[in-house]
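Here is a short briefing on charged side chains. Please look over the sequence and the model before reading on.

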Amino acid sequence: MHPLVEVALNDLSVTCFRSAVHPQDEDRIKVTLKALKKHQVELDLDEVERWLVSENWDARSIQRTIKWARTIMEGGTVQLKNKAAASSEKEIWTHLNR
């Protein structure tokens, strides 16, 4: 797994409610995935899924995260719930590279 993917997943695991993703958590996940894609960080969805399982994320939260990741990695778009309150891709990228 790419080191920045691991940093991102650790960060999400600390900041997001794993058993039922809150809309703000959903936006954070999506923006994080978009930042990784924008900076051409490879994402192995099988590895990500295994990692989320190992961190005890809820099955539905895992499925949704993998679905968003697949959409973003394939060049698709995902809708943010509250774009005005969401961190920017630049902020997330800076945070991941601290």
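What follows covers salt bridges first, then surface charge.

The model is predicted. Four salt bridges turn up in a search of the whole structure. Three of them are described below, followed by a patch of negative charge on the surface.

**R28 and D11: a link between α1 and α2**
- The side chains of R28 and D11 form a salt bridge, with N and O 2.7 Å apart.
- R28 belongs to helix α2 (residues 23-38) and D11 to helix α1 (residues 3-15), so this contact ties together parts 17 residues apart in sequence.
- D11 has a relative accessible area of 13% and is buried, because buried means under 20%.

**K30 and E26: a pair inside α2**
- K30 also takes part in a salt bridge, and the partner is E26.
- The closest N and O atoms of K30 and E26 are 2.6 Å apart.
- Both residues sit in helix α2.
- K30 and E26 are four residues apart, or about one turn of the helix.
- K30 is buried, at 4% relative accessibility.
- E26 is buried, with a relative accessible area of 4%.

**E26 and R64: a link between α2 and α4**
- E26 forms a salt bridge with R64 as well, at 2.9 Å between the closest N and O atoms.
- E26 lies in helix α2 and R64 in helix α4 (residues 59-73), so the pair ties together parts that are 38 residues apart in sequence.
- R64 has 23% relative accessibility and counts as partly exposed, because that class runs from the 20% limit for buried to the 50% limit for exposed.
- Which residues are joined into one network by salt bridges that share partners? They are E26, K30 and R64.
- E26 is the partner named in both bridges, with K30 and with R64.

**Negative charge on the surface**
- Which residues gather in a patch of negative charge on the surface? The patch consists of E42, D44, D46 and E49.
- E42 is in the loop between α2 and α3 (45-54).
- E42 counts as exposed at 68% relative accessibility, because exposed means over 50%.

**Burial at a glance**
- Buried: D11 at 13%, K30 at 4% and E26 at 4%.
- Partly exposed: R64 at 23%.
- Exposed: E42 at 68%.

Conventions. Residues numbered from 1 in each chain as written. Predicted model: local features only at pLDDT ≥ 70, side-chain atom pairs only at ≥ 80, totals over all residues. Heavy atoms only, no water. Helix = DSSP H or I, 4+ residues; strand = E, 2+ residues; numbered from the N terminus. Buried < 20%, exposed > 50% of the residue type's maximum accessible area, 1.4 Å probe, protein only. Patch = residues over 30% accessible without salt bridge, like charges linked within 9 Å, V, L, I, M, F, W, Y side chains within 5 Å. Areas by Shrake-Rupley, 256 points an atom, 1.4 Å probe, with all protein chains shown as cover. Lys, Arg positive; Asp, Glu negative; His and termini not counted. Charge placed at Lys NZ, Arg CZ, Asp CG, Glu CD.
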